[in-house]
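Good morning, colleagues. Please take a moment to look over the model on the screen before I turn to its interior.

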Amino acid sequence: ANIVNTPAPGTLLFYIIKRRWDIFVNAVDADDERLASLDPALSILNESQRIAVATVSVPGAFEFGIFCVQGPPGTGKTITLCHMVAQESKRNGKVALVLAPSNAAVANIALRLVLDNHFSPNNVCVFGEGCHESVYHLSPHHRHKRYQTFRKLYGAPKGKSRQEKEKYRGDIAEWLGLSRRSTLHEIKKRCPNVGDDRKGQDTLTEIIASSSVVCATLNCAGSRLLRRSLAKGVDTIFIDEAA
């Protein structure tokens, strides 16, 4: 491994494990011009975090090796990872696969990607039915389950006033990241059937393949369905808490 930067205590340390070093030499000393050319959102990062994002933004940065970010707790490794994911997705237009060892860690990343406005909820997919409940709205399986419950309440022939039904519709639309005034068709479109039958699996494959970011645990990364869905669309994998 090669040490790319020797930071002050409490900042991030970077390594590139590689077969060719020359491609990255110019990225190591990321200057103000390079940092300014990136997303303005990077202004919230400190110097070591910005340099990490600037380094991986170089075309071909992952082609010959692995880029590692190491730092003590509280130095912003996950925030930096989210900015890396956003920059790489914008650069190559392919699906970014983000992995973590636990459902809680996956949820933390997925929520940051959405709440920090890197991606819309429509473009982030959390794979696996066992995901944390805080990201159920980003899970195709749990969106469909919630929609089924909503339809039972909304379609009840008796006992529900129009105001109550409209509230149900507004609540699920807001949960999905849509406007509370969204139509039933718009809500249904976000909650397709992704059951175990062939049609459901094909639909899930399409959702995964069309997402900008797919988040999953390391265990789920071995899923045959996930591998088939991403067979042609991933060239970069991000792993949080890799140690």
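Leaving aside its neighbours within four places in sequence, which residues is Val126 in contact with? In this predicted model, the contacts of Val126 are Val106, Ala110, Cys131, Val135, Leu138, Ser139, Pro140 and Cys215.

Let me place that residue in its wider setting. Val126 is among the residues that touch the most other members of the largest nonpolar core, a group that also holds Val85, Val98, Leu113, Val124, Val213 and Cys215. This core has 30 residues. Two or more of them come from each of helices H3 (47–56), H4 (77–92) and H5 (103–115), and likewise from each of strands S4 (96–100), S5 (124–126) and S6 (213–217). Helix H5 gives the most, with seven residues. Domain 1 (1–74) and domain 2 (76–239) both contribute to this core, so it lies between them. There is also a second, separate core of 14 residues, including Val194, Leu204, Ile207 and Leu226.

I now turn to the second largest pocket. The space in it comes to about 150 Å³. Its lining consists of Pro121, Asn122, Val124, Cys125, Arg143, Lys189, Arg190, Pro192, Ile207, Ser210 and Ser211. Strand S5 and helix H9 (198–210) each supply at least two of these lining residues. By character, the lining divides into five nonpolar, three polar and three charged residues.

Two residues link these topics. Val124 belongs to the largest core and also lines this pocket. Ile207 belongs to the second core and lines this pocket as well.

Conventions. Residues numbered from 1 in each chain as written. Predicted model: local features only at pLDDT ≥ 70, side-chain atom pairs only at ≥ 80, totals over all residues. Heavy atoms only, no water. Core = buried A, V, L, I, M, F, W, Y, C linked by side-chain atoms within 4.5 Å. Buried < 20%, exposed > 50% of the residue type's maximum accessible area, 1.4 Å probe, protein only. Helix = DSSP H or I, 4+ residues; strand = E, 2+ residues; numbered from the N terminus. Domains from an automatic or database assignment. Contact = heavy atoms within 4.5 Å. 1 Å grid on protein atoms, 1.4 Å probe; cavity = no way out; pocket = protein on both sides within 12 Å on 5 of 7 lines; lining within 4 Å. Points joined across faces, edges and corners; volume = space filled by probe spheres on them. Nonpolar A, V, L, I, M, F, W, Y, C, P; charged D, E, K, R; others polar.
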